[in-house]
Amino acid sequence: MLTGCSVANNEAISVSPACRLFCVFVFLVCLSLVSFAAKATEIDTLIRHIDELWRGNTSHATMSMSVQTQRYQRSMTMEAWSRGSDYSLVLIRQPVKDRGIATLKVKENIWNYLPKINRVTKVPSSMMSGSWMGSHFTNDDLIKESSFQDDYNSSITFEGERNGRRIYEITSLPKMDAAVVWGKVVMMIEQETLAPYKAIYYDEDGQLMRTMIFDQFKKIDGRTIPMRMSLQPEDKPEESTVIVYQNIAFEVALDDNFFSLQSLRQRR
Amino acid sequence: MSAFHFLTIFNRLPILLFMAWRNIWRNPVRSVLTISALAGGLVMLILYSALLEGMTRQMVRFATEISTGHIQVQRQAFIEDQDLYATLPWSYIQTLEDKFPDIQIAPRLYAAGLASAENTSTGVLIKAVDPQREALVTQMLSHVRRGELNLATAEMLEDGLARYNLVIGAQLAKNMNLEPGSELVLVTQAADGSIGNALYRIAAILKPLEPGFDRMGVLMSIEAYQQLMYLNDGFHELAIKLDDATQLEDIQAVLDAEIRSLTIAQPLDELGGLPVVRNWRQLTPAIADLLELSTSMVLIVGFIVVGLASMGMLNTMLMAIHERRHEFGVLLAVGMKRRWLLLMVLFESFFLSIVSAVVGSIAGIIASAYLEEHGIDFSASLPDGYDWAGIVFEPVMKGYLEPAHVLNACMLMIVITLIASLIPSWRIVRLKPAEVM
């Protein structure tokens, strides 16, 4: 973007012979293309890195989630498995009342298993914006995560020092025909560790909707992973959802039919 | 002088009336045609107002008796965004019942949830009622299409948990392919944030009551609701039926004052807002507006129909006067006062309209009596009825004949035809005997 601007400037001030001008122009175009390509790979790498940060190829994690609302406070511990971005399974371990409730995500579908009545229910598309397990995350958050790269155009909008840390700021805007919830997502990443520390979500009118803070960084398998995520809805300042990873392991061996409805029923 | 003047008119009245009556039947075909046009218009008008009155009554009945009640009490936050926690304390019911012996009250609870049957899932609106109290306030529970209405426990499961019966809307049953006896899973977020989930048995399917309930309504007992939602502190809505609906505003004001004093004595939490007492006109403003409108509609349509029919009258009288110009000239020449002649012609129109009114009212009453008895049946093409302004109507449109409407229609017709006959009568005033003779 910067180079594009300087091309225009050079053209404007250069009054030298046409040939020289042309050479400069070609040189600058090449330069901008190269840097654009470099930027493109850079942003893709960054996005992929963030995307796979908590996931790897396969993963197995235990975590706790605490939800604070105006009306209730509750915390639960969960166990989660994933393969790629398309398959994941979350199982509630605590509290006793919800113990055994499991959520299976396969591509764009979500099923819940309810041990009390021993039934599997599919979450219909009309309920995607509903809260997931009583938290401030929606069912849609689980699904959209896997299609984020398809639905949004991301670019690095800031690179440098801010508040004493060297960071990248990635701004993602939805593609023209993508069915998305957010109008803009801005993510701040530390340059040194490539770990995100903050994500801000705007709606389609540009209104700030929620802020996610990442902290408690831990180095696992050579990657710096934030172990705590705090989600703060903008319209309810006294409410929040905090997810803390107790531990997380990557490249675990999982059966082919691990992410299936049968496995969902059997897992208690 | 003026007394004497009136006396002469009264003396002449019988002869004028007699002449007017005889004049009508000098051309019986024309008069009968005019009468039938006017009477036909009147029949239309009577039928129209009977139908509209029938619809209005059906609408008021649906608006109040079927599910809304005359008055409802909810808290502000519940009205605004169905806030699950905006409840009113259970103690209110007893207090209100003690203070107001001539009203019936029924508590209700609501929640959003996910219903799953074998292959389908859909979002539903859970509504919980107290069957005994609800039956005293609305007829909601008696509108059963299939199955047997029963909100009690269906069976006890081995782990001591009860499985409850559910009643669902017709469209929901159709969409999810459910029949009485099917099982349905409800999943929702309970009041404590946990995942409320339970298995139910469909006991009955309700006829369409209101489009929202029909499409996504699930009805259960308050006991079942509390087990699912862990919400025991209170209820969301109070539906109230008055023994005397004409005192709506007065009772509403007294109730409002009483509930306000209750909230002062025992403050509610701030988040839920204050309780709001609303009557059915405020709850269903579209219908209240429609009712206001229907009165003026009858009047406008009446003017149009009768106005058209009175064109026939105008034509008849114009012809009759034109034909008899010669005769009128002679009468004027022999000394008949113009105003008596005018009066005589007006009597002719008056007789025509009176006869039309009698014929029209009799025919109209017979026709609307038929409509009241049988109605217009759309059930072949609209088996579930039709919804309008958020209320589902039965597919049979029934009339309701209000005697005052017949009288009003007759008066309207007589006045309009008399006004219409002023135009031809005016010609007599300007008649020059020398020219027409």
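**Stop 1: H11 and H14 of chain B**

Select helix H11, residues 285–323 of chain B, together with helix H14, residues 403–429 of chain B. Their axes come within 8 Å and cross at roughly 35 degrees. The crossing of H11(B) and H14(B) is right-handed. Keep in mind that this is a predicted model.

Now show side chains. On H11(B), the contact residues include Gly302(B), Val306(B), Gly307(B) and Ser310(B). Further along H11(B), pick Met313(B), Leu314(B), Met317(B), Leu318(B) and Ile321(B). On H14(B), the residues they meet include Ala409(B), Leu412(B), Met413(B), Ile416(B) and Thr417(B). Add Ala420(B), Ser421(B), Ile423(B), Pro424(B), Arg427(B) and Ile428(B), which also belong to the H14(B) side. Colour by class: the contact divides into 14 nonpolar, five polar and one charged residues.

**Stop 2: H2 and H13 of chain B**

Stay in chain B. Select helix H2, residues 28–66, and helix H13, residues 338–374. H2(B) and H13(B) pack at an angle of about 40 degrees, and their axes are 7 Å apart. That angle makes H2(B) oblique to H13(B). H2(B) passes H13(B) in a right-handed crossing. By class, this contact has 16 nonpolar and eight polar residues, with no charged ones.

**Stop 3: where chain B touches chain A**

Show both chains. Here 17 residues of chain B are in contact with 22 residues of chain A. Which strands of chain B each supply at least two residues to its side? Select S3 (103–116), S4 (121–129), S8 (183–189) and S9 (195–206). S9(B) gives the largest share, four residues. Colour the chain B side by class: eight residues are nonpolar, eight are polar and one is charged.

Before moving on, check confidence. The model scores ipTM 0.71 and pTM 0.70. Chain B has a mean pLDDT of 84, and 95% of its residues reach 70 or more. Where pLDDT is low, the predicted coordinates should not be read in detail.

**Stop 4: a loop in chain B**

Zoom to Asn177(B). Its place is the loop between helix H6 (170–176) and S8 of chain B. Asn177(B) is not a glycine, yet its phi is positive, about 60 degrees. Most residues other than glycine have a negative phi.

**Stop 5: S1, S2 and S3 of chain A**

Switch to chain A. Select strand S1, residues 58–68, and strand S2, residues 73–83. S1(A) and S2(A) pair in the antiparallel sense over 11 bridges. A hairpin of four residues joins S1(A) to S2(A). Pick Val67(A): opposite it in S2(A) stands Arg74(A).

Next, add strand S3, residues 87–94 of chain A. Seven bridges join S2(A) to S3(A), and the two strands run antiparallel. Arg83(A) stands opposite Tyr87(A) in S3(A). Three residues lie between S2(A) and S3(A) in their hairpin. In that turn, Gly84(A) has a positive phi of about 55 degrees.

Now go to Pro95(A), in the loop between S3 and strand S4 (102–106) of chain A. What kind of peptide bond joins Gln94(A) and Pro95(A)? The bond is cis, with omega about -5 degrees. Most peptide bonds are trans.

**Stop 6: S7 and S8 of chain A**

Finish with strand S7, residues 152–162, and strand S8, residues 165–174, of chain A. S7(A) and S8(A) pair in the antiparallel sense over 10 bridges. Select Gly160(A) and its bridge partner in S8(A), Ile167(A). The hairpin of S7(A) and S8(A) has two residues between the strands. One to label is Asn163(A) in the turn, with a positive phi of about 50 degrees.

Terms used. Residues are numbered from 1 along each chain as its sequence is written. Chains are lettered from A and ligands numbered from 1 in the order in which they are written. This is a predicted model: local features need pLDDT of at least 70, side-chain atom pairs count only at pLDDT 80 or more; totals for chains, interfaces and linings use all residues. Two strands pair if DSSP finds at least two bridges between them. Axes are lines fitted to C-alpha atoms, for helices over the stretch in contact, and angles run from 0 to 180 degrees between N-to-C directions. Angles under 35 degrees count as roughly parallel, over 145 as roughly antiparallel, 65 to 115 as roughly perpendicular and the rest as oblique. A crossing is left-handed if the near helix is turned anticlockwise from the far one by less than a right angle, and right-handed if clockwise. Ala, Val, Leu, Ile, Met, Phe, Trp, Tyr, Cys and Pro count as nonpolar, Asp, Glu, Lys and Arg as charged, and the others, Gly among them, as polar. pLDDT is the predictor's confidence in each residue, from 0 to 100. Two residues are in contact if their C-beta atoms, placed from the backbone, lie within 7 Å.
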